[in-house]
Amino acid sequence: MQKTVVGIFDTLHTLALALWLGGLVVLGGLVAPALFQGTALAEADAREVYSLLIQRFVTWADVCGVTMLLVQFLLRRRYQKNQTHYVVDGLRQLLTFAALLLAEMCFRNLFNNLNATRRVGELAHVAKLEGTYAILALSQTGILVVVAMLTVWLNLPAGFTSSRRSAPEEVEPTPQRRRRRR
């Protein structure tokens with residue numbers, strides 16, 4: 001029963017991580033170039049569409065981040081026996097929280113300023129805020145890639161995580177070998 005619950009929570013964590021990281025990659029790597037370079041939309045309309053997509057995605061990112069933190073907190077006890085795993089899991093939680101904080105900064109602060117400057121019509125300021133969003137999105141992506149790598153490392157079987165290989169033991173020479181050496 002306990003292994004089933006842990007497996008479900010691990011799957012939920014991985015799904016939330018995949019949705020959040022995948023959404024960032026799709027929006028930044030596929031949707032943005034398609035909207036701004038390959039469509040018949042005017043630049044202002046493309047920016048409006050992209051802004052709406054990002055605002056909806058940030059809500060999903062928040063849900064994914066809270067889900068990941070909750071699962072990490074609930075499963076924290078399983079790493080208490082191994083100090084290295086325990087510290088790495090703590091680092092993973094801290095990085096997840098940092099990525100969630102960046103998403104919240106986008107949602108609560110940046111988008112409100114972006115919408116206000118669009119209404120006023122200051123295009124130079126709008127471009128600056130969009131550049132800030134790009135930096136925040138790339139930072140989130142980098143942090144989430146590290147979280148994914150730490151998650152994979154934490155879930156490796158016990159034999160993979162030990163970096164030291166045991167040195168071959170020296171065999172005590174037998175009496176016959178001692179005589180031959182003399």
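**Figure 1. What lines the largest cavity, by residue class.** In this predicted model, the lining of the largest cavity splits into six nonpolar residues, one polar residue and no charged ones. The residues in question are Leu24, Phe57, Val58, Ala61, Ala103, Tyr133 and Gln140. Gln counts as polar, so Gln140 is the polar member of this lining. As for volume, the largest cavity comes to about 30 Å³. The count of cavities of 30 Å³ or more is one.

**Figure 2. Where the cavity lining comes from.** Two helices, α2 (43-74) and α4 (123-154), each put at least two residues into the lining of the largest cavity. Which helix gives the largest share of that lining? That would be α2, with three residues.

**Figure 3. The whole chain, for orientation.** Here we have six helices and zero strands, so to speak a plain run of α-α-α-α-α-α when you read along the sequence. The chain has 182 residues, and 34% of them count as buried. Take the contacts with a sequence separation of 6 or more: 73% of these come from residues 24 or more positions apart. On the outside, the chain exposes about 12400 Å², with carbon and sulfur atoms supplying 63% of that area.

**Figure 4. The largest nonpolar core.** This core holds 34 residues, and those touching the most other members are Trp20, Leu24, Tyr50, Met68, Tyr133 and Leu144. Four helices, namely α1 (2-37), α2, α3 and α4, each chip in at least two residues. The biggest contribution to the core is from α2, which gives nine residues. Two names may ring a bell from the cavity view: Leu24 and Tyr133 are among the residues lining the largest cavity.

**Figure 5. Met68 and its contacts.** Leaving aside residues up to four places away in sequence, Met68 touches His13, Ala16, Leu17, Trp20, Thr96, Leu144 and Val147. Trp20 and Leu144 are also listed with Met68 among the core residues that touch the most other members.

**Figure 6. Arg76, in the loop between α2 and α3.** Is Arg76 buried or exposed in this loop? Its relative accessibility is 17%, and because the cut-off for buried is under 20%, Arg76 counts as buried. With residues up to four places away in sequence set aside, the contacts of Arg76 are Tyr86, Asp89, Gly90 and Gln93.

**Figure 7. Phe97 on helix α3.** Phe97 sits in helix α3, which covers residues 83-120. How much of Phe97 is accessible? The relative accessibility is 48%, so Phe97 counts as partly exposed; the exposed class needs over 50%. Also in view is Val66, which is 31 residues from Phe97 in sequence, with 8.5 Å between the two C-alpha atoms.

**Figure 8. Val152 on helix α4.** Val152 belongs to helix α4, one of the helices that supply the cavity lining. At 54% relative accessibility, Val152 counts as exposed, because the cut-off is over 50%. Thr14 is 138 residues away from Val152 along the chain, and their C-alpha atoms are 9.7 Å apart.

Methods: Residues are numbered from 1 along each chain as its sequence is written. This is a predicted model: local features need pLDDT of at least 70, side-chain atom pairs count only at pLDDT 80 or more; totals for chains, interfaces and linings use all residues. Side-chain values use heavy atoms; hydrogens and water are left out. On a 1 Å grid over the protein atoms alone, a cavity is a set of points where a 1.4 Å probe fits but cannot get out, and a pocket is an open set with protein on both sides within 12 Å along at least five of seven lines; lining residues have an atom within 4 Å of a point. Grid points are joined across faces, edges and corners, and a volume is the space filled by probe spheres set on the points. Buried means under 20% relative accessible area, exposed over 50%, partly exposed in between (1.4 Å probe, protein chains only). Contact means heavy atoms within 4.5 Å. Accessible areas come from the Shrake-Rupley method with a 1.4 Å probe; for residues, only the protein chains shown count as cover. A nonpolar core is a set of buried Ala, Val, Leu, Ile, Met, Phe, Trp, Tyr and Cys residues joined through side-chain atoms within 4.5 Å.
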